[in-house]
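Me: I would like a close look at a single part of this structure, taken slowly and with its surroundings kept in view. Please begin with the pairing of strands and work outwards from there.

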Amino acid sequence: MAIVTPTTPTTATAVHAATGVLSPPSGVTRVFDAVELERYERDGFAIARGLFSAAEVDALRAHYMRLRTEGSYAGDFAGVALPAAAGQATAGAVSVVDPKPDPLVKYPRMIHMHRWDDISLRWMIDPRIATALRQLCGVDPYAVQTMMYFKPAGARGQAMHQDQFYLRVQPGTCMAAWLALDPCDEDNGCMKVVPGTHNLPILCTERANTVESFTDTTVPIPPGKKLVPVIMQPGDVFFFNGSLIHGSGPNFSTDRFRRSLIGHYITGHAEQVAKFYHPIVRMDGSTVELAVSERGGPCGRWVDDDGEVVELYDPAVRPEGPEHE
Ligand SMILES: O=C(O)CCC(=O)C(=O)O
């Protein structure tokens, strides 16, 4: 399969070259009402139900399935190796479980498609997403990343994490827009979040359980906090703060994908973001120069209501400052 190296710079011209997959209504001035905005302040996330139409979702799903079957692309990620006992026979082993092919090998996650695919670029800066983000963070956002998760039946999920661990946006934090392209529930590995954790600093990571997660780092759920599933229908967009602890479990179903298209954004008053996220795109498709953030500060400490440190972790994993997982 050909590796397509992203070389096309993101420009307003490229935006106009995209085909008619998306049809944003003109003059979108509001996505969220006051209740949803309050919920975002309190919990760190908000859901825009049916923000994209069924026809748009069908076209996007078909587009990415076609891209996926046509080739490989720079940045494709099938995940860290499955532990041997969970998925593969090990050479020389006396007794092993039946080898199980990892479904993500056939359907690896795509990244930064907006750098070479007009439809992805156009989706990333869609006016509906721009309006929603402006309502949530109060200023115009900049766009820095796209990702496409296929998550076929049997695929691993992604251990709990904070996006800001990877993006290192300063000042402020990042935000995500997560579009469901399939019905998402606990059976096929919907998103899960820990409401109210968006005000925490970057927490230090621990090793994840790679039988269940295709990434190998995680953060523990803070004491007293609860993990909640985010049940979504195709066309719904889940917006969340980049410091919110979130992730997803495996796709336990036998025959259902859980496809999602994701954009990552930073607020317009940010001055720097990690190198992996440059070039940075304004919501009109033009690019903007920002500084590159250093690897990041010290790991966060959790404190209880009295200010006592609850737990402190060693920075053990990826000390070099990783790309987003
Ligand atoms: O879609 C998933 O399962 C995880 C996505 C995620 O964690 C992210 O976009 O940061």
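Reply: In this predicted model, strand S8, which covers residues 191-193, pairs with S11 in the antiparallel sense, and the pairing runs over three bridges. One residue pair can be named within it, since DSSP-type bridge partners are listed by residue: Lys192 has Pro229 in S11 as its bridge partner. As general background, the strands of a sheet pair through backbone hydrogen bonds, and they do so in either a parallel or an antiparallel manner.

The two strands belong to an open sheet of four strands, whose order is S6-S13-S8-S11 and whose pairing is antiparallel. Strand S6 (158-161) and S11 stand at the edges of this sheet, and because each has a single partner strand, one side of each is left without a neighbour in the sheet. Averaged over the sheet, and with direction ignored, neighbouring strands are turned by 30° against each other.

Within the edge strand S11, which spans residues 228-230, Val228 deserves a separate look. Val228 touches Lys192, Val193 and Pro195, when residues up to four places away in sequence are left out of the count. Of these contacts, the one with Pro195 can be given as a distance, for Val228 and Pro195 are 33 residues apart in sequence but 7.6 Å apart in space, taken from C-alpha to C-alpha. Val228 counts as partly exposed because 13 other C-beta atoms lie within 10 Å, whereas a residue would need 20 or more to count as buried.

The sheet can also be followed towards the ligand. The residues around the ligand include Met191, Gln158, His246, Gly247 and Ser248, along with others such as Tyr149, Asp163 and Trp178. Strand S7 (174-180), strand S13 (246-248) and strand S14 (260-267) are the elements that give two or more residues to this shell, and S13 supplies the largest share, three residues. By character, the residues of the shell divide into five nonpolar, six polar and one charged.

A last point concerns the largest nonpolar core, which has 80 residues, and in which Leu133, Met175, Ala177, Phe238, Phe239, Tyr265 and Ile266 touch the most other members. S7 gives the most to this core, with seven residues. For Ile266, the contacts beyond four places in sequence are Pro141, Tyr142, Val144, Leu167, Val169, Gly172, Cys174 and Val273.

How values were computed. Residues are numbered from 1 along each chain as its sequence is written. This is a predicted model: local features need pLDDT of at least 70, side-chain atom pairs count only at pLDDT 80 or more; totals for chains, interfaces and linings use all residues. A residue is buried if 20 or more other C-beta atoms lie within 10 Å of its own, exposed if 12 or fewer, and partly exposed in between; C-beta atoms are placed from the backbone. Two residues are in contact if their C-beta atoms, placed from the backbone, lie within 7 Å. A residue is near a molecule or strand if its C-beta atom, placed from the backbone, lies within 6 Å of it. Ala, Val, Leu, Ile, Met, Phe, Trp, Tyr, Cys and Pro count as nonpolar, Asp, Glu, Lys and Arg as charged, and the others, Gly among them, as polar. Two strands pair if DSSP finds at least two bridges between them. Axes are lines fitted to C-alpha atoms, for helices over the stretch in contact, and angles run from 0 to 180 degrees between N-to-C directions. A nonpolar core is a set of buried Ala, Val, Leu, Ile, Met, Phe, Trp, Tyr and Cys residues joined through C-beta atoms within 7 Å.
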